[in-house]
Amino acid sequence: MPMKYIVAVSGGLDSVVLLHMMDTLHRHGSDLALVVAHVDHGMRHDSDVDAWHVAALARKYGWPLEVKRLSLAKGASEEVARKARYEFLEEVRQRHGADGIATAHHADDLVETIALNIGRGTGWRGLASLRSSIQRYRPLLGVSKASLVQYALEHNLTWREDDTNDDIRYTRNYIRHGITPKLDAASRKKLIELAKKQRTLRRKIEAEVKKVVESLTRSDGLSRHAMIMMPDEAALEVLRHVTRGRHEPFQLRRLLHFVRTGRQGAVLNLGRGNNALLTRTRLIV
């Protein structure tokens, strides 16, 4: 069976290059099957033109197309748009039985994400947030934006320009236009190397945390005593694993305080369908 990917294509340069590269791999014998997916966020007056352009690309390459139009308010946050986009992509992945979702994140995106996460106070995880896996395939993480532009020109690709990418009211755009251009090539290289090391470290930490959770968990929940005695940062990693990474750092700190100080029988609503229940000795999520 070929590996099947849902390729997220906005119509912009990066995703147009990604689609062309993956289609080229297929045509040169790689065992790949693709589904083109496009999300129209409904935040720009000309966004329907992007959808038409992506549809034309899907027809040209002969791949099935999935399109969804959202009705997000103009000026909706990046996080709201991202969440809605990935919910649709995951829905498409499941419907087609695909192995993963391919996105066009590249090396410049990696640098921007590091800067963004440092500003958000995400700690060491902010340096390891953009990873490539089968489920979230990001084959361009080692490729610069300049190289993508060169590739597009060499292959006579056409793409759509999104003028909201110049709107510095969006935090990522402010970083893209106001901060990362000030980094020289050596600094960018160091950041990318640091992110690579942090991704390796993250895999090791998560493997160790999984072992710890298994040792502390019984059929009636997670040991409260262990959580009380454990250093904060280690306890937060355990709670992140137990809650399947669904919650923000401030929510995990709230949960940790609840575990250590809550009364027997207390319930904490964590949101996203998660509740935490305390017994005298255990935490049940």
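Visitor: Contact means heavy atoms within 4.5 Å, then. Which strands does helix 1 lie across?

Guide: This is a predicted model, with local features needing pLDDT of at least 70, side-chain atom pairs pLDDT 80 or more, and totals for chains, interfaces and linings using all residues. Numbering starts from 1 along each chain as its sequence is written, and side-chain values use heavy atoms, without hydrogens or water. Helix 1 lies across strand 1 (3–8), strand 2, strand 4 (100–102) and strand 5. Helices (H or I, at least four residues) and strands (E, at least two) are DSSP runs, numbered from the N terminus.

Visitor: What's its angle to strand 2?

Guide: Helix 1 runs at about 165° to strand 2. Angles go from 0 to 180 degrees between N-to-C directions, with axes fitted to C-alpha atoms, for helices over the stretch in contact.

Visitor: And where does helix 2 lie?

Guide: Across strand 2 and strand 3, at about 170° to strand 2.

Visitor: How do the two helices pack?

Guide: Helix 1 (13–27) and helix 2 (47–61) pack at about 10°, axes 11 Å apart. That angle makes them roughly parallel (under 35 degrees). Helix 1 contributes Val16, Leu19, His20, Asp23 and Arg27 to the contact, and helix 2 His53, Leu57, Lys60 and Tyr61.

Visitor: Switching to the sheet. What's the strand order?

Guide: 3-2-1-4-5: 5 strands, open, with parallel pairing. Pairing takes at least two DSSP bridges. Strand 3 (65–69) and strand 5 (136–137) are the edges, each pairing on one side only.

Visitor: How many bridges join strand 2 to strand 3?

Guide: 5 bridges link strand 2 (32–40) to strand 3, running parallel.

Visitor: What stands opposite Asp40?

Guide: Arg69, in strand 3.

Notes. Parallel < 35°, antiparallel > 145°, perpendicular 65-115°, else oblique.
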